[in-house]
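Biologist: Before we start, I would like each term explained as we use it. Can we take the model in front of us and go through the reasons behind the labels?

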Amino acid sequence: MAEEMRSLYLIAGTDQAKIDATRARLRARAQEEGGVVALEVFEPSEGRGAPDHEALLAAIPAISLTESRRYLLADGVERWRERQQEAVAAALAGLPPDLTVVLIARAKAPSKLARAVRAAQGEVHEFEAPKAKDMPRALIAEAKRLGFKLDQVGARGLVERMGANPTRLAQELERLALWAGPEGEVSGADLDQMVADTAQTAVWSLSDALLERDPVRALKIGERLIDQGENLTSLVYGLASRLRSALAAAAQLEEGVPAKQVESSLAMHPYAARQLLARVRHVELGDLRGAIEALADLEVCSRGGAEYGDKLALTLALRRAAGPA
């Protein structure tokens, strides 16, 4: 953040990693200046709806209880309706001198708010995520900023393995920076050992936690995947597919079918099949069926069948699927 803070900022765009980094810097600055009470955040509950514009409006004229500057941050303002934007835009014209208001739009900046911010001598910053074809070049530049060198093959490999989600790629670059060290280098050949949590590996780790009835590990993995930007529908599909294979294998074992025959009946690599059988030997069929039912309900939620967001829906499903802690 700038040395001298303005009273008003609008941060917008599709590059979620840069937006999140800007928000983190604002939080750190506010807490350094005035502690945790210096920053008040308004954002959608569980990722649904819009930030409470009325609460934001009520907080603008509030009297500070400390000598430090106050910060108000509204995240998700692109979800505000026209009348909500109008009400906030009108209030931005006369902000108290000890206050900084930061509006975050995780999409194109709403024109009404952008005009109001500029009219009030505020700043508008737009961070657009690079297109997929431009992402490797952007990763190389960001790696340089982080203090290490990423070659062309490595940059392309990252995008191929992890997709073009800026947040997930930014997190991976930070891990690679720690691995490489200052002035270090990461090549395409290094990625096989360093890149963590491809979608398939992550789904298998999560399904293993469910098969082992380990809710704590399952929740930790699941929440990390959602935070990384994994698509909930894809996660459900991968988990359900593996759990159905586990149920088929467990049912055959219970009927007395030899393990070798069960392994060969599974549509997967022999090593993976052996690993799956080792895990299902101690799992009750009823527990497996219950886990699959929980994922079926989660799929309904992922298609708009719930009032809460993906992260909470996944958390509730995993708790149900893995059993009590």
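Modeller: A crossover is called right-handed if, with the strands pointing away from the viewer, the path from the first strand over the helix to the second runs clockwise. Keep in mind that this is a predicted model.

Biologist: What makes β3, helix α3 and β4 a right-handed β-α-β unit?

Modeller: The path starts in β3, passes over helix α3 (residues 82-91) and ends in β4. Because this unit is right-handed, the path runs clockwise when the strands point away from you.

Biologist: How do you know that β3 and β4 pair?

Modeller: Pairing needs at least two bridges between the strands. Six bridges join β3 to strand β4 (residues 99-105), and the two run parallel; therefore they count as a pair. One example is Leu73, whose bridge partner in β4 is Val102.

Biologist: What joins β2 to β3?

Modeller: Four bridges join strand β2 (residues 39-42) to β3, again in parallel. By the rule of at least two bridges, this is also a pair. Leu73 takes part here too, as the bridge partner of Val41 in β3.

Biologist: Why is strand β3 called largely enclosed?

Modeller: A residue is buried when its relative accessible area is under 20%. Six of the six residues of β3 (residues 70-75) are buried, so the rest of the structure largely encloses this strand. Both faces are covered: Arg70, Leu72 and Ala74 are buried on one side, and Tyr71, Leu73 and Asp75 on the other.

Biologist: How much of the protein chain is buried?

Modeller: Buried residues are 45% of the 325 residues in the chain. The chain has 15 helices and seven strands, and its C-alpha trace spans about 75 × 45 × 35 Å along the principal axes.

Biologist: What makes a group of residues a nonpolar core, and which have the most contacts inside the largest one?

Modeller: The members must be buried, of the listed nonpolar types, and joined through side-chain atoms within 4.5 Å. The largest such core has 43 residues, and those with the most contacts inside it are Leu206, Leu210, Leu211, Leu243, Val280, Leu288 and Leu298. α9, α10, α11, α13, α14 and α15 each supply at least two of its residues. α11 (residues 232-254) gives the most, with ten. In soluble globular proteins, nonpolar side chains tend to be buried together.

Biologist: Why is one space called a cavity and another a pocket?

Modeller: In a cavity the probe fits but cannot get out, whereas a pocket is an open set of points. One cavity of 30 Å³ or more is counted here, and the largest holds about 40 Å³ of space. Its lining includes Leu210, Leu211, Leu243 and Leu288. α14 gives the largest share of that lining, three residues. The lining divides into seven nonpolar, no polar and two charged residues.

Biologist: What lines the largest pocket?

Modeller: That pocket holds about 1,600 Å³ of space and is lined by 48 residues, with Gln16, Asp20, Arg106, Thr167 and Asp227 nearest its centre. The largest share, eight residues, comes from α1. By type, the lining has 17 nonpolar, ten polar and 21 charged residues.

Definitions and conventions
Residues numbered from 1 in each chain as written. Predicted model: local features only at pLDDT ≥ 70, side-chain atom pairs only at ≥ 80, totals over all residues. Heavy atoms only, no water. 1 Å grid on protein atoms, 1.4 Å probe; cavity = no way out; pocket = protein on both sides within 12 Å on 5 of 7 lines; lining within 4 Å. Points joined across faces, edges and corners; volume = space filled by probe spheres on them. Nonpolar A, V, L, I, M, F, W, Y, C, P; charged D, E, K, R; others polar. Buried < 20%, exposed > 50% of the residue type's maximum accessible area, 1.4 Å probe, protein only.
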